[in-house]
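Reader: I've just opened this one and I'm a bit lost. Could you pick a single part, take me through it slowly, and show me how it ties in with what surrounds it?

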Amino acid sequence: MDRTSPVPLYFQLSQQLEAAIERGTLTPGSLLGNEIDLAGRLGLSRPTVRQAIQALVDKGLLVRRRGVGTQVVHSQVKRPLELSSLYDDLEAAGQKPATKVLRNTVEPATAEVAAALGVAEGDDVHLVERLRYAHGEPMAQLRNYLPTGLLALDTAHLEATGLYRLMRGAGITLHSARQSVGARAATAAEAELLAEAEGAPLLTMQRTTFDDTGRAVEFGTHVYRASRYAFEFQLLVRP
């Protein structure tokens, strides 16, 4: 702790604890110990420690359990805005991804899907809807639309790995994407799937992915738990 810094001590402590959670030094399920012990070990006042812990409880990184103590839940996933799959990003972050396929079917393209994939409205497209987990906890609801006949989409394979891996394995070269990110409140159905309260904030993403020939090969429309997930941007100054 830098006691000469204008940054409050509780904030310094919460930042250090958050960094330890993100590095995996404090793993999900780890106990922090009680506030009195922490305060004594760190040479801080109990209110300072309590405030630091509460900040991380509010972020969803820690939880207070009666009879157990303060426990690490998980780290928030911070996903770079680049052409990668959520499965790969979770795996790279050590988040133990898992998938449940909710739908794997063929249906007529809506106007929105048709425009994204460059097909006629009403043409058949393949829909894959999945629930993506990290450490056994739901993180995102994913809907992906693909042209029919593009590749075999076996449910067991979709639950074992990421969609982009399957596409690359089928010889499809993913080249670029057009993407938009937003936010809205969770519907009742989304809240039930994602273990959130109805009206809780969700991050949204729509992405159209193109192969190296310029063909649209996938249109995704996804929702993510804002309490567990964030997008990261790198901004460059234009000369």
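Author: Happy to. Let's get our bearings before zooming in. What you see is a predicted model, and of the 239 residues in the chain, 43% count as buried. The chain holds eight helices and 10 strands. If you take the contacts with a separation of 6 or more, 58% of them come from residues 24 or more positions apart. On the outside, the chain exposes about 12,400 Å², with carbon and sulfur atoms supplying 52% of that.

The part I'd like you to look at is strand β8, residues 201–211. Is it mostly covered or not? Nine of its 11 residues are buried, so β8 is mostly covered given that buried means under 20% relative accessible area. Now look to its sides. Strand β7, residues 174–185, runs antiparallel to β8, and 11 bridges join the two. To find your place on that border, look for A183, whose bridge partner in β8 is L203. Then there is strand β9, residues 216–225, which is also antiparallel to β8 and is joined to it by nine bridges. Here a handy marker is T208, which stands opposite F219 in β9. Follow the chain from β8 into β9 and you go round a hairpin with four residues between the strands. In that turn sits G214, with a positive phi of about 90°.

Stay with β9 for a moment, since one of its residues is worth a stop. R225 in strand β9 forms a salt bridge with E137, which belongs to strand β6 (residues 137–147). The closest N and O atoms of E137 and R225 are 3.3 Å apart, while the residues themselves are 88 positions apart in the chain. Which way do these two fall, buried or exposed? E137 counts as buried because its relative accessibility is 18%, and R225 counts as buried too, at 3%.

R225 has another partner. Its side chain meets that of E196 in a salt bridge, at 2.9 Å from N to O. E196 lies in the loop between α8 (188–194) and β8, 29 residues away from R225. So the loop that leads towards our strand is linked to β9 by this pair. E196 is partly exposed, with a relative accessible area of 21%.

How many salt bridges are there overall? A search of the whole structure finds nine. Another of them pairs the side chains of E129 and R103, at 2.7 Å from N to O. That pair connects strand β5 (residues 124–134), home of E129, with strand β4 (residues 97–108), home of R103, and the two residues are 26 apart. E129 is buried, at 6% relative accessible area, whereas R103 is partly exposed, at 35%. They also belong to a network of salt bridges that links R103, E107, E129 and R143.

For a contrast with the strands, swing over to the helices. Helix α3 covers residues 46–58, which is 13 residues. At 1.5 Å a residue it should span 18 Å, and its end C-alpha atoms are indeed 18 Å apart. Its buried residues are T48, V49, A52, I53 and L56. They take up an arc of only 130° around the axis, which puts them on the same side of α3. Among the elements covering them are α1 (9–23), α2 (35–42), β1 (62–65) and β2 (69–72). After α3 comes G60, with a positive phi near 85°.

Since α2 turned up in that cover, let's look at it from its own side. The buried residues of α2 are E35, L38 and A39. Seen down the axis, they fall within an arc of 100°, so they line one face of the helix. These residues pack against α3 and β1. The face turned away from the buried side carries the exposed residues I36, G40 and R41. Just after α2, G43 takes a positive phi of about 70°.

To find your way back to where we started, go to β8 once more: β7 is joined to it by 11 bridges, and β9 by nine.

Methods
Residues are numbered from 1 along each chain as its sequence is written. This is a predicted model: local features need pLDDT of at least 70, side-chain atom pairs count only at pLDDT 80 or more; totals for chains, interfaces and linings use all residues. Side-chain values use heavy atoms; hydrogens and water are left out. Buried means under 20% relative accessible area, exposed over 50%, partly exposed in between (1.4 Å probe, protein chains only). Two strands pair if DSSP finds at least two bridges between them. The expected span of a helix is 1.5 Å times one less than its number of residues. The arc is that of the directions from the helix axis to the C-beta atoms. Contact means heavy atoms within 4.5 Å. Accessible areas come from the Shrake-Rupley method with a 1.4 Å probe; for residues, only the protein chains shown count as cover. A salt bridge is a side-chain nitrogen of Lys or Arg within 4 Å of a carboxyl oxygen of Asp or Glu.
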